[in-house]
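Colleague: Could you walk me through one spot in this model and then show me what surrounds the main pocket? I'd like the cut-offs along the way, please.

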Amino acid sequence: MGHAHSHHHGHDHGHDHAHGHGHSHAPADFGRAFAIGVALNTAFVVVEATFGFLYGSMALVADAGHNLSDVLALLLAWGASIAAKKPPSARYTYGFKSSTILAALANALLLAVAIGAILFETFHRLFEPQEPQGMVMVIVAGIGIAINAFTAFLFMRGQEDLNIRGAYLHMAADALVSAGVVVAGLVILFTGLWWIDPLVSLAIVAMIAWGTWGLAKDSLKMGLLAVPASIDVEDVRRHLAGLEGVEAVHDLHIWPMSTTETALTAHLVMPGAPCSDGFLREISRSLEAKFGIGHSTLQVERGTDDDPCGTDC
């Protein structure tokens, strides 16, 4: 629920501060999904790398390296989701909520590194072709599709959280890579056309790059404290300005505290403002209900210099 507090100070203007703290946007608990995802993908990395070395398939070895980066990405996202739930301290007054934003940005960078590794291996095989192990590719990559698709499914319901979306994109990208390896392996088995393998890899890289760009752009905006894409600042301004008794709105700031929580501060000019905590609390509740802004701080000003704060309360 929201909490509002009014404070009166002997300054030139009257100041009422309402602090609304909504809890409905706290990050969901994906601890079990992270644990399952990390365990399954770690085991698969070991299996894929082993078969790659045993059967001389550099494609499988390269993909194992890519999957290892995804295990690291899952651990990073998991750690951030745990840190976001830690209570505030004297030094970190908002707690560690913003660690989810940092994790989303780091995951975008890891995806970019993975794209670079796949491209390197693809061009290496284009210029130095080698006979791929078609059947081994199909079997091992088929296992990879099942594991990565299942892990991605575990994070499918958390797409509104950029940190969880980063984990989902990693797993979905891996499932695509494994599917491409299966297709390439089957084509090579039946036609002997070795160049199908790098061609499919390039198509997969393009799809991964598209998702990575969106994740990187959104996480960078959040890191720079940009207004979340789901919120229109002018809509918020009109909402506040349309409240009874509000003559003007200024110093309006909206920023992401984490990948799931949003904060707002604003000054409301209200010459005839009621001195009521309940009134301020209702404004905070309306911001949460209409815009999903769960942490709001509102400062009410009388708009005159000859009426010290609280004289008519």
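Colleague: Please take a close look at D251: what is its relative accessible area, and is it buried, exposed or partly exposed?

Modeller: Happy to. This is a predicted model, in which local features need pLDDT (the predictor's confidence in each residue, from 0 to 100) of at least 70 and side-chain atom pairs count only at pLDDT 80 or more, while totals for chains, interfaces and linings use all residues. Numbering runs from 1 along each chain as its sequence is written, and side-chain values use heavy atoms, with hydrogens and water left out.

D251 has a relative accessible area of 42%, so it is partly exposed; buried means under 20%, exposed over 50%, and partly exposed in between, with a 1.4 Å probe and protein chains only. The residue lies in strand 2 (residues 248-256), where strands (E, at least two residues) and helices (H or I, at least four) are DSSP runs numbered from the N terminus. Its backbone is worth a look too: D251 has a positive phi of about 50° although it is not a glycine. Most residues other than glycine have a negative phi. L225 also has a positive phi, of about 60°, and is not a glycine either. That residue sits in the loop between helix 6 and helix 7 and, at 48% relative accessibility, counts as partly exposed.

Going on from strand 2, T259 is in the loop between strand 2 and strand 3 (262-269). With a relative accessible area of 5%, T259 is buried. Beyond its neighbours within four places in sequence, T259 is in contact (heavy atoms within 4.5 Å) with T100, I101, E160, D161, L162, N163 and M222.

Now for the pocket. The largest one holds about 460 Å³ of space. Here a pocket is an open set of points on a 1 Å grid over the protein atoms alone, where a 1.4 Å probe fits, with protein on both sides within 12 Å along at least five of seven lines; lining residues have an atom within 4 Å of a point. Points are joined across faces, edges and corners, and the volume is the space filled by probe spheres set on them. Of its 23 lining residues, E160, M222, P228, A229 and S230 are the closest to the centre; E160 and M222 are also among the contacts of T259. Helix 5 (162-191) and helix 6 (196-223) are the elements that give two or more residues to the lining, and helix 6 gives the most, with three.

Those helices turn up again in the largest nonpolar core, a set of 23 residues in which V177, I208 and L215 have the most contacts. Such a core is made of buried Ala, Val, Leu, Ile, Met, Phe, Trp, Tyr and Cys residues joined through side-chain atoms within 4.5 Å. Helix 3 (99-127), helix 4 (134-154), helix 5 and helix 6 each supply at least two of its residues. Leaving aside neighbours within four places in sequence, L215 touches A104, N107, A108, L111, L162, R165, G166 and L169. A second, separate core of 19 residues includes L240, L287, I293 and L298.

How far to trust all this? The mean pLDDT is 79, and 83% of residues reach 70 or more. Among the elements, helix 7 (residues 233-241) has the highest mean, 94, and strand 1 (residues 16-21) the lowest, 50.
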